Amino acid sequence: MAVAERFGPRRPPSSRFFFVAVLLVLLTDGAGVAWRRAEGVSIGINYGQIGDNLPSPSRVSYLLRSMQVSKVKLYDADPTVLSAFLDTDVEFVVGIGNENVSAMAADPTAARAWVQRHVQPYLASGTRITCITVGNEVLKGNDTALKAALLPAMQSVYAALTALGLQGAVNVTTAHSLDIMGTSYPPSAGAFAPDAVPYVQPLLGFLSMARSPFLINCYPYFAYKADPGNVPLEYVLFQPNAGVTDANTRLNYDNMLYAQVDSVYAAIQALGHTDVDVKISETGWPSRGDPDEAGATPEYAGKYIGNLLQRIEMKQGTPLRPSVPIDVYVFALFNENLKPGPASERNYGLFYPDGTPVYNVGLRGYLPPMDFSRGTRRKAVRLFAFILIAIASITLSIS
């Protein structure tokens with residue numbers, strides 16, 4: 001008797017492979033997502049939470065990992081967010097708010113307590129925290145006491161990390177507004193504003209010692225909004241154009257963002273430092289604005305972010321440092337409906353709170369319709385696997 005007659009008709013190999021493949025996807029509990037991220041573009045995204053309609057951190061964790069996002073920047077150290085990203089290999093920048101800077105400058109034990117509460121336990125549990133920002137755009141304001149407290153607060157946080165044996169794993173820095181620049185054009189003439197220099201000079205010494213980056217928030221959109229008649233749209237949107245040549249260096253710039261970054265490098269070098277890297281802690285383009293906010297449209301926002309992501313994928317550097325790929329955190333993940341200010345402030349998001357893309361730039365993500373904590377996800381996976389095995393068994397028995 002033929003083998004096929006003894007044991008019944010052979011099941012098509014494709015069916016068996018289908019069941020095996022699906023089981024592997026389910027039982028790996030997200031391993032497929034991790035694999036895709038490893039193959040994807042290394043992008044950073046600012047995750048703000050100034051809204052009353054935003055999805056839970058556990059849902060956001062799934063969304064970001066499905067988008068292959070490898071770096072996330074927070075403006076605080078929200079424990080629910082950090083817990084939602086345990087064992088995900090996503091790198092985090094966490095923040096200390098401006099309201100806490102003075103206290104940490106005055107009392108180093110406050111900085112140590114903050115690190116012990118908001119950083120150390122999450123590192124031990126598997127969340128990757130690689131940087132702490134102390135304050136945000138502190139030097140842009142008029143509070144001289146806060147400005148004076150910034151560096152001592154950073155030193156206190158660094159001392160706390162050192163005491164806990166974490167100084168090599170976690171950087172300490174602060175994010176600056178481009179407003180601290182006195183001159184930014186041409187890029188080679190970049191210089192900090194005179195009133196900022198007394199604060200920036202010693203801060204650069206600290207960053208050099210700690211081997212931490214200089215973070216700058218760059219928004220070419222602001223330049224375009226202020227003077228749309230004279231700022232070429234192609235130049236700010238990374239579209240083809242003749243560019244602008246720096247007469248001093250003969251370097252050609254085909255976009256404003258790179259010119260802004262190189263002006264910061266020039267300003268840092270003018271203060272005697274060539275060993276401090278510049279990273280873009282924020283950049284973005286609003287999809288909507290008030291009537292007097294020129295260029296705030298989904299079309300332009302999509303072009304800016306989409307073309308920027310292409311540059312990141314190319315591992316492109318600026319004309320001054322072409323071999324150093326730009327390091328960028330896009331602003332922002334969601335539209336945040338409670339942010340104050342003009343309408344544009346509430347419309348920088350890549351996504352609406354329901355997970356729908358504001359515009360298409362090729363970032364495909366999935367926001368699950370319900371919370372998926374780690375425990376809940378594992379239970380769901382096991383249930384689906386059990387159901388699938390049962391279906392497979394029944395199918396095999398009747399075939």
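Here are three short exercises on this predicted model, each with a worked solution.

**Exercise 1.** Check whether the length of helix α10 fits its number of residues.

*Solution.* Start with the count: α10 covers residues 197-210, which makes 14 residues. Next, take 1.5 Å a residue, remembering that the expected span uses one less than the number of residues. That puts the expected span at 20 Å. Now look at the end C-alpha atoms: they sit 20 Å apart, so the two values agree. Step just past the helix and you'll meet arginine 211, with a positive phi of about 55 degrees.

**Exercise 2.** Find which residues of α10 are buried, and what covers them.

*Solution.* Buried means under 20% relative accessible area. In α10, Val200, Leu203, Leu204, Phe206, Leu207, Ser208 and Ala210 are buried. Then see what lies over them: the cover includes the helices α9 (144-163) and α13 (256-270). Strands β5 (171-177), β7 (191-192) and β8 (214-217) are also part of that cover.

**Exercise 3.** Trace the barrel strand by strand, then place two helices against it.

*Solution.* Follow the order β1-β2-β3-β4-β5-β8-β11-β12: these eight strands close into a barrel, with parallel pairing. On average, neighbouring strands are turned by 25 degrees against each other, ignoring direction. Zoom in on one pair: β3 (residues 91-96) and β4 (residues 128-136) pair in the parallel sense over six bridges. Glutamate 91, for instance, has arginine 128 in β4 as its bridge partner. Now add the helices. α9 lies across β3, β4 and β5, and runs at about 155 degrees to β5. α13 lies across β8 and β11 (278-283), at about 135 degrees to β11.

Notes:
Residues are numbered from 1 along each chain as its sequence is written. This is a predicted model: local features need pLDDT of at least 70, side-chain atom pairs count only at pLDDT 80 or more; totals for chains, interfaces and linings use all residues. Side-chain values use heavy atoms; hydrogens and water are left out. Helices (H or I, at least four residues) and strands (E, at least two) are DSSP runs, numbered from the N terminus. Buried means under 20% relative accessible area, exposed over 50%, partly exposed in between (1.4 Å probe, protein chains only). Contact means heavy atoms within 4.5 Å. Two strands pair if DSSP finds at least two bridges between them. Axes are lines fitted to C-alpha atoms, for helices over the stretch in contact, and angles run from 0 to 180 degrees between N-to-C directions.
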